[in-house]
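Notebook open, model loaded. I want to look at one helix and what surrounds it, then move on to how the chains meet.

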Amino acid sequence: MSALEGVLIGAVLAPLALSPPVRQYAGTLPRSARVGVLLFFSLLVAGQLARMDQRTFPFVVWSMYGVEKSPRGILYEQYSGLTASGALVPLHPSSAFPSLDQGRILNPLRPAMRWLPQSQEARVHATMLLTAVARAVNRGRMDPVVTVIATRCELSADEWLRGVPFRCEEKLRFDLSETAGR
Amino acid sequence: MTLLHAETAVEVRRLFTVWVAVIWLLHLALEPLSDLAGLPPALFRPVAPVGWLPHRFEVLFLEPVVLHGLRFVGVVSLLVAAIRERAPVALVVASIVLTIAQSIVRSLGHVNHAELPALYAVYALAFVGVLERVRGRSSALDALPLVVTAAALTTTYSLTAIFRLAHGGLAVYTSGSMVEWSVAAAFQPDEWRSQMGLLTAHDVVRWPLLLSFPLVTLFELLAPYCLISGTFRLLFVPIVIAFHVATLLFMNIFFWENVALMPFLTAWPHRFAPRAVTDGRHPIVFFDGVCGLCNRFVDYMMARDRLALFRFATLQSDIAVERLGTAALAEDSIALVDGTDVYRRSDAVLRAVSRLGGVFAAAQLLLAVPVRVRDAVYDFVAARRYRVFGRSETCRLPSPEERARFLS
C-alpha cells in the first residue's frame, strides 16, 4: 500500500460519495442497505490496498498495466509436443484447460520457465503443469504426445523494432513416461 | 445532476437480473470446470474463500463429481433467478457457487479480474433479494442492484488507474512497455490469438496506441462519475468499449463480462420501463373468452401489468363486434387494439407482451421474424387451443379486482 494511492482513492471517491444525488438516494435506503453497501465498497478498497489477492478474493488488487514491464523486454514461451509418430505439435495450455483461460494457467507457468533449468523447484512445477496439459491434449488424439518441450524466447523492444530475430532457448524437455502417475 | 438508475422500475431490475444471469450462464458454458479434474493436486492452491480451507479439503474440489455438481447447481440457480419474479434463495446460492467456482479457477497462483464486476452484480442482486424478504419491497431497493453494480464496475476502473498513477508513474507511458505487452501477447501460446500486437512495429499503429493510453487512464480514473454525469457517461462508455476491443486485439485479453455490463452504465435500460397511459386511451386485448389458453394468457398479462396499462374484453362481447367487426371471433383468438391500430394473431400477442416492458420488451425482436412464419406457429397453436388447454361453456367473468380492467 502507498500513501499516494490511498490519497488518490479518497480524492476520487469521496466527492462522489458526498455529492447531493448520491446522498439523496442513500437517504431513501433502509439503514441495513446502507450498511451493506458501505461494507461492500470498504472491502473493495481494502482488497486494493491489502495486496493479498489470494486471501482477500473476490476483493483484489486492480493493477492491470500498472507498472513498467521488466527490463528484459519481450518475453514469450512456446510449448510443443513430440508425438509417438515423431510429429511436432503445438501445446496450448488454455485450450487444454478452458476454465483456466485469461492467463490463469499461462501466467503461473511463466515464472517457472524463468528459473529453468537451474531451479529444481521450477522444474517440478513446470513438469507437473505441462504433464497435465499434455494428458488433456492426448485425450482426443490418435497419435499421442510422448515428449514435452518448453522454449523461452526474448528480445528487447528496441531490438524487435530494428528487426532482430528472437533469442530462443529450450528450457525443458521431458518424456511423459517419466511423469507417469504424477 | 441525478444519480444513474435512482429511479428504476421493477421491470428494469428484472431485465438486469436476467441480463446478469445470461452472462453467467454463458460463462459456465465456456468454462466447463470439469477440466480442472486434470490438474495436479500438489499445485492446486485456490484463492479465498476455498483457499481458507485446509489443503486436504481444498483438493476435494478437484473431484469430477464436485466440479459437475458445482456447475449444475450454478446453472439451475441462475435459471431460477432468471425465470422467477423474485428468487432471493436462488441468487444467494448462485453467489456462493459462482464465488467457489471463481476461487478454484484461480488455483494456480494467477488472480485475474475478468469476471469480478459480474460477480459483484450477483452479490448486489442477492443482497437486495434477501433485504426485501426481510424488510419488504421499496422502489429504492429496486434501484440498488443497478446502482451498486454501476458503482462497483466503475470503481474497479478507477482503482486500476490510481494504481497505475501511484506505482507506474510516467514510465508506464514513456517506456517501451506497451510495445512489449503487445508483441509478447501476439506470441502467446494459445489456440486463438490476435497477431495485431506485431503491428506496433509501425509508427502509424504504435503512436496512436501510446498516446491513447494516458487518455484511457484519465477516463478510468474518473469512471465512477458516470453515476452522476450523463455527459461523462456519453464519452466514457464508447471509449472504454474501444479500450476493451483494443486490449483484445493487441493484448489478447478481453473482459467481455465488463463490456456486457456496459449498457447498465447508461440510461438505455430505462427505455424498457413500461409507460403508464396518461390520455385514457388504454390498449385493449380482445381474447376468446371460452378458451383455456387465452384466459391463461390474460391472467399472465394482468399479473405483470403493474401500471394497469391494458384493458381486456372477450371476442364474444359487443365491444369486440363494434371494434373488430362481426367476423372477429371466427378469425382470432387474440387481438390487440392500440389507438387506431388493430393487430391480429402473432402481431397482437408479441406487441401486447412487449408493452409490459423490461425483459418482455425482447418480444419486439420476434417481430423481425417474417409474419407468415410467426402466424403459421400462431395458427398451429390456435387450432389446437380447445383440445389441449380446454374450453369452458360460458365466457370468463372477471373477479371484483379485475372488473375495472374489463370492458365487458
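I started with what the buried residues of α15(B) pack against. In this predicted model, the partners I found within chain B are two groups: the strands β1 (284-287), β3 (334-338) and β4 (341-344), and the helices α12 (292-304), α16 (363-366) and α17 (371-383).

Next I checked how covered the helix is. Helix α15 of chain B runs over residues 345-354, and 7 of its 10 residues are buried, so I noted it as mostly covered, taking buried as under 20% relative accessible area. I wrote down the buried ones: B:Ser346, B:Asp347, B:Ala348, B:Leu350, B:Ala352, B:Val353 and B:Ser354.

Then I turned to the chain A and chain B interface. How much area do chain A and chain B bury between them? I got about 7,300 Å², with 72% of it on carbon and sulfur atoms. On the chain A side, A:Phe57, A:Trp62 and A:Tyr65 lose the most area to chain B, and together they make up 13% of what that side buries.

For contacts, I listed 77 residues of chain A against 91 residues of chain B.

I looked up the polar side of things too. There are 24 residue pairs in polar contact between chain A and chain B, both at pLDDT 80 or more. Salt bridges between chain A and chain B come to 2. One of them joins the side chains of A:Arg104 and B:Glu31, at 2.2 Å from N to O.

Last, I asked which element of chain A gives the most to the side that touches chain B. That is helix α1 (residues 3-17), with 9 residues. By class, I have that side of chain A down as 47 nonpolar, 20 polar and 10 charged residues.

How values were computed
Residues numbered from 1 in each chain as written. Chains lettered and ligands numbered in written order. Predicted model: local features only at pLDDT ≥ 70, side-chain atom pairs only at ≥ 80, totals over all residues. Heavy atoms only, no water. Contact = heavy atoms within 4.5 Å. Buried area = accessible area lost by both parts, 1.4 Å probe. Salt bridge = Lys/Arg side-chain N within 4 Å of Asp/Glu carboxyl O. Polar contact = N/O pair within 3.5 Å; in protein donor to acceptor, adjacent residues only side chain to side chain. Helix = DSSP H or I, 4+ residues; strand = E, 2+ residues; numbered from the N terminus. Nonpolar A, V, L, I, M, F, W, Y, C, P; charged D, E, K, R; others polar. Buried < 20%, exposed > 50% of the residue type's maximum accessible area, 1.4 Å probe, protein only.
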